[in-house]
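Got the viewer open? Here is a short tour, one selection at a time.

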Amino acid sequence: MAMDLQRLMSLLRQCMQRYDMVSAGDKIAVGLSGGKDSLTLLMGLKHLQRFYPVPYGLCAIHVGSGAPGSEADVETMRRFCEGLDVPFYFVDAKVYQIVFEIRKEKHPCSLCAKLRRGALNDAIRARGISKLALGHHFDDAVETFLMSLLFEGRLSCFRPVTFMDRSGVTQIR
């Protein structure tokens, strides 16, 4: 289903206002995976930045896993960000080496996710950025809800705005 830019901007603005996601002077880093969700979020935030009543800064950060052959799209992401006039930062987290070569994990997903998120949070704090925008959408929310129900036996999901007290980073989704 295609969505035009004006409709995207309207929905993005409504969410930002409804959940009070942005304060004047915030620096927002978009966690850029290279997928359509994070790229669309970055593009939407950049276009909205021109006329949104609350001024905010914007950049994009990609955390590389260090897996062989996995970084083919970094230059594409860099060019995309240059086209939007958004600073792009690449963090080489060497997650692959830690998870597969050093620890030799049989079930690597959880550790990999934690290491990548930790590297992302470290990069954000090092640059004085106050918020992390993630391109999570309805399907991600439903998936998180079901995983919480099935694996933890509780009804929960992520909130649109979450302050992560251990890292000092506020996530907006």
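Start by colouring by confidence: of the chain's elements, β1 has the highest mean pLDDT, 95, and helix α6 (residues 138–152) the lowest, 63. This is a predicted model, with a chain mean pLDDT of 84 and 85% of residues at 70 or more. Where pLDDT is low, the predicted coordinates should not be read in detail. Keep that in mind when your selection runs into α6, given its mean of 63.

**Stop 1: α1 and α2**

Select α1 (5–18) and then add helix α2, residues 36–49. Two packed helices are described by the angle between their axes and the distance between the axes. Here the axes of α1 and α2 come within 10 Å and cross at roughly 80 degrees. That angle falls in the 65 to 115 range, so α1 is roughly perpendicular to α2.

Now show side chains. On the α1 side, pick Leu5, Leu8, Met9, Leu12, Arg13 and Met16; they meet Thr40, Leu41, Met43, Gly44, Leu45, His47 and Leu48 of α2. How many of these contact residues are nonpolar, polar and charged? The split is nine nonpolar, three polar and one charged.

**Stop 2: the loop after α1**

Slide along to Asp20, in the loop that joins α1 to β1 (26–31). Check its backbone: phi is near 50 degrees, a positive value in a residue that isn't glycine. Is Asp20 buried or exposed? With 56% relative accessibility, Asp20 counts as exposed, because the cut-off for exposed is over 50%.

**Stop 3: the loop after α3**

Jump to Asp85, which sits in the loop between α3 (74–84) and β3 (88–92). Asp85 is another non-glycine residue with positive phi, near 60 degrees. Its relative accessible area is 62%, so Asp85 is exposed.

While you're here, step back into helix α3 and click Thr76. At 42% relative accessibility, Thr76 counts as partly exposed. Draw a C-alpha to C-alpha distance from Thr76 to Gly34: the two are 42 residues apart in sequence, and the distance reads 8.4 Å.

**Stop 4: α4 and α5**

Next, select α4 (residues 95–102) together with α5 (residues 109–126). Their axes come within 9 Å and cross at roughly 150 degrees. Anything over 145 counts as roughly antiparallel, so that is the label for α4 and α5. The crossing is right-handed.

Which residues make the contact? From α4, show Val95, Ile98 and Val99; from α5, show Leu111, Cys112, Leu115 and Arg116. Six of the residues in this α4–α5 contact are nonpolar, none is polar and one is charged.

**Stop 5: Gly135**

Move on to Gly135, in the loop between β4 (131–133) and α6. Gly135 has a relative accessible area of 17%, which means it is buried, the limit being under 20%. Run another C-alpha to C-alpha distance, this time from Gly135 to Leu32: you get 8.3 Å, with their positions 103 residues apart in sequence.

**Stop 6: Gln171**

Finish in strand β6 (residues 169–172), where you'll find Gln171. Buried or exposed? Gln171 is buried, at 1% relative accessible area.

To see what surrounds Gln171, leave out residues up to four places away in sequence; its contacts are then Arg117, Leu132, Leu134, Pro160, Val161, Thr162 and Met164.

Key:
Residues are numbered from 1 along each chain as its sequence is written. Side-chain values use heavy atoms; hydrogens and water are left out. Helices (H or I, at least four residues) and strands (E, at least two) are DSSP runs, numbered from the N terminus. Buried means under 20% relative accessible area, exposed over 50%, partly exposed in between (1.4 Å probe, protein chains only). Axes are lines fitted to C-alpha atoms, for helices over the stretch in contact, and angles run from 0 to 180 degrees between N-to-C directions. Angles under 35 degrees count as roughly parallel, over 145 as roughly antiparallel, 65 to 115 as roughly perpendicular and the rest as oblique. A crossing is left-handed if the near helix is turned anticlockwise from the far one by less than a right angle, and right-handed if clockwise. Contact means heavy atoms within 4.5 Å. Ala, Val, Leu, Ile, Met, Phe, Trp, Tyr, Cys and Pro count as nonpolar, Asp, Glu, Lys and Arg as charged, and the others, Gly among them, as polar. pLDDT is the predictor's confidence in each residue, from 0 to 100.
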